[in-house]
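Reader: I am in my first year and still learning to look at protein models. Could you take me through one part slowly, namely the salt bridges?

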Amino acid sequence: MEKNNSRQFINFACLVAIACSIIEFPRLPFTSVSSAARFATLLPGTGWNHLALIAMLFLLPSLKHSKQVKWTYIFVIFWFLSHGERVDMIGFLILLLFLYLKNHKITISTLIKSIVVALIIFLVFSYIGERRGGADNITLGSLFEKLFKQNTASDVGYVFNISCDYIKKYSLTHGKLLIFYLEQIIPDLAIPSVQNCGDIFLGARYAYPGGAYILTEPLLDFGVLGVLIIPNVYLGLIYMFLKNKRQYKFYVYIFLVATVLRYVWYGMEYIETALVWFIPFFYYLYHKRVKVKFS
């Protein structure tokens, strides 16, 4: 991988990252922490956050060498966090921490620094989560309590448990969810009244905290057989497409690392648009060094 992008590509990617962040969260910082306000985007669509994230990932080779890229990173991370959006940025920061460890000799000092940084990240994101949930009296002790009491992790286990209970008591969906999620790959084919499998099926019969573990949809569609087959088909298709594409594989890999918390909890449909459309688009511009002219 080259150390620097072209100047034209850097300008374009920085502009996309900043513009998409504002489109996703069009309000002033710290004024739209509630869920209802956070999801009110400036333009229609649900992929603006991923478009901003992918632009930042393609700017990684220039992070050390470009002040413009550094300031873009600072702005986008601040903009997301100040609007109560944690899942994209925590994955992205974890990726940066992994890359830091990869490029530095592992010593006691390096490990201590990494642990301290990880702890700070955890406390900041816990604070954002508490504020987003409406809590006013937040103490350092309550934030450390979250270190041992992970509400989201409990929700993930709970949702998968009720999905197991669902297939015992009710009929399988026989591919309806799979067809719906495949439709989401093609723009403007989304079904407005449908959000995810939990809203459709689980939420109607159980106390439902939102989200859906990545294996929930295959389980509801085809039972245990779906869990065994569908994820492996996904992985097989990704492997076949990326085989012998070393540089392209790198960007898909770091995107999957940065978004792991999102698709584990919300399902693969939340990243399919990025895999099918956004990453190929940016890779074409990056690889071909297309010169983007600004008037």
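Author: Here is a walk through the salt bridges, followed by a short look at two other spots. Please keep in mind that this is a predicted model.

Let's start with the general idea. Side chains of opposite charge can pair when their charged atoms come close. A salt bridge is counted here when a side-chain nitrogen of Lys or Arg lies within 4 Å of a carboxyl oxygen of Asp or Glu. By that rule, the count comes to three salt bridges.

Which side chain does glutamate 85 meet in a salt bridge? Its partner is arginine 262, with 3.2 Å from N to O. Glutamate 85 sits in the loop between helix H4 (67-81) and helix H5 (87-102), while arginine 262 belongs to helix H14 (residues 260-266), so this pair ties together parts that are 177 residues apart in sequence. Glutamate 85 has a relative accessible area of 6%, so it is buried. Arginine 262, at 8% relative accessibility, counts as buried too.

Now stay with arginine 262, whose side chain also meets that of aspartate 88 in a salt bridge, at 2.9 Å from N to O. This pair again links distant parts of the chain, with arginine 262 in helix H14 and aspartate 88 in helix H5, 174 residues apart. Both arginine 262 and aspartate 88 are buried.

Next, find aspartate 165 and lysine 169, which form a salt bridge with their closest N and O atoms 3.2 Å apart. These two residues are four apart in helix H8 (residues 151-169), so about one helical turn separates them. Aspartate 165 counts as partly exposed, at 23% relative accessibility, and lysine 169 counts as exposed, at 56%. Turning back to the other pairs, salt bridges that share partners join Glu85, Asp88 and Arg262 into one network.

For a change from charges, look at the nonpolar surface patch of about 940 Å², whose residues include Phe222, Leu228 and Leu237. Helix H12 (residues 224-242) gives the largest share of that patch, eight residues. Leucine 237 lies in helix H12 and, at 52% relative accessibility, counts as exposed.

Finally, here is a pair of helices to trace. The axes of helix H3 (residues 48-58) and helix H15 (residues 272-288) come within 10 Å and cross at roughly 35 degrees. Their crossing is right-handed. Among the residues making the contact are Leu51, Ile54 and Phe58 of H3, together with Phe278, Phe282 and Tyr286 of H15.

Note on methods:
Residues numbered from 1 in each chain as written. Predicted model: local features only at pLDDT ≥ 70, side-chain atom pairs only at ≥ 80, totals over all residues. Heavy atoms only, no water. Patch = residues over 30% accessible without salt bridge, like charges linked within 9 Å, V, L, I, M, F, W, Y side chains within 5 Å. Areas by Shrake-Rupley, 256 points an atom, 1.4 Å probe, with all protein chains shown as cover. Buried < 20%, exposed > 50% of the residue type's maximum accessible area, 1.4 Å probe, protein only. Axes fitted to C-alpha atoms, helices over the stretch in contact; angles between N-to-C directions. Left-handed = near helix turned anticlockwise from the far one by under 90°. Contact = heavy atoms within 4.5 Å.
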